[in-house]
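Me: I'd like to go through the two ligand sites in this one. Can you take my questions one at a time?

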Amino acid sequence: MPKLTIAIDGPAGSGKSSVARHVAALLGYLYLDSGAMYRALALKALRHGISPDDENKLGSLAKETHIELRAPTPEHEQVGAKNCVFLDGVDVTKEIRTPEVAQAASRLATIARVRELLVAEQQRAGAGGGVVMEGRDIGTVVFPDAELKIFLDASPEERAERRWKEHQEKGERLTLPEVFDEVIERDKRDRERKVSPLVRAADAVLVDNTAMGIEETARLIVMLAKERERELAKAGRA
Ligand code: CDP
Ligand code: CDP
């Protein structure tokens, strides 16, 4: 069977990383979390005291920064990490999962030069197919020719509650309204930015998993992927 490129896009907390990771495991594909790359660059900018709105400095920073995604170690999997993230050779998998880094990531993600560099890196990492990549612009910009595109969504209340529960499990004392505001503010910025905004690609399948679990959602996507694989195999034989 031919190996597909599967693009999963959607807002914060819609289940992209959990579902994409599961889909990749079921299909024997590579899983890649593009948001982790924006988060890693944001972490570096914060550490260097660079404003996440400073276009010039961030363009240069992105150019001199090496970000690598690797399969998670068992230790990382235990704390819910779906990819290990290395920033200039140093593991920052845990450090990038804070609301502060998430906000900074969504601010620097509005900068065209930053996106250009990270998108090129994502295209290199996913070249060859057999990959599930998730983010905001995978089906529209990174892999516009992906054989299967999913727009994953859930209600804002459900998405905020999912994120809040994660923070609770890590012992972070954020209230549900605080997490709700963070998620909504970031969504708004991601949907309204000029460069590669979060939009559903015209040919993406909309999957609303507000009332669905990770396993159920992943199985639905795997079903769609198998159908695409069969269609492509048939077209190849014709
Ligand atoms: O990557 P994204 O921000 O879209 O979402 P995620 O990190 O995969 O999921 C956020 C949280 O929601 C995780 O703790 C998942 O386990 C949980 N989740 C869920 O409970 N039900 C789903 N259908 C999807 C995700
Ligand atoms: O896990 P969650 O959905 O909360 O966020 P993420 O996927 O880790 O992405 C963090 C931020 O990076 C997002 O709010 C976007 O602003 C940005 N991002 C993007 O612009 N394009 C992508 N392909 C992935 C993430």
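Me: How do the residues of the shell around ligand 2 divide into nonpolar, polar and charged?
Reply: Bear in mind that this is a predicted model. The nonpolar residues in that shell number 5, and the polar ones number 5 too. The rest of the split is charged, with a count of 10.

Me: Which side chain has a polar atom 2.6 Å from an oxygen atom of ligand 2?
Reply: There are a few candidates to sort through. K16 puts a polar side-chain atom 2.9 Å from a ligand 2 oxygen, and for R115 the distance is 2.7 Å. The 2.6 Å contact belongs to R39.

Me: How much of the accessible area of ligand 2 does the protein cover?
Reply: On its own, ligand 2 has 530 Å² of accessible area. With the protein around it, the covered part is 98%.

Me: Why does ligand 2 lie between two domains, and which are they?
Reply: Look at who gives residues to its shell. Both domains contribute, so ligand 2 lies between them. They are domain 1 (1-15 + 139-227) and domain 2 (30-128).

Me: Which element gives the largest share of the shell around ligand 2?
Reply: Elements giving two or more residues include α5 (99-108) and α9 (176-192). The largest share is 4 residues, and it comes from α2.

Me: Now ligand 1: which residue has a polar side-chain atom 2.7 Å from one of its oxygen atoms?
Reply: S17 has a polar side-chain atom 2.8 Å from a ligand 1 oxygen. R162 instead pairs with a nitrogen atom of ligand 1, at 3.4 Å. The 2.7 Å oxygen contact comes from R163.

Key: Residues are numbered from 1 along each chain as its sequence is written. Chains are lettered from A and ligands numbered from 1 in the order in which they are written. This is a predicted model: local features need pLDDT of at least 70, side-chain atom pairs count only at pLDDT 80 or more; totals for chains, interfaces and linings use all residues. Side-chain values use heavy atoms; hydrogens and water are left out. A polar contact is a pair of N or O atoms within 3.5 Å; within protein, one must be able to donate a hydrogen and the other to accept it, and residues adjacent in sequence count only if both atoms are side-chain atoms. Accessible areas come from the Shrake-Rupley method with a 1.4 Å probe; for residues, only the protein chains shown count as cover. Ala, Val, Leu, Ile, Met, Phe, Trp, Tyr, Cys and Pro count as nonpolar, Asp, Glu, Lys and Arg as charged, and the others, Gly among them, as polar. Domain bounds come from an automatic or database domain assignment.
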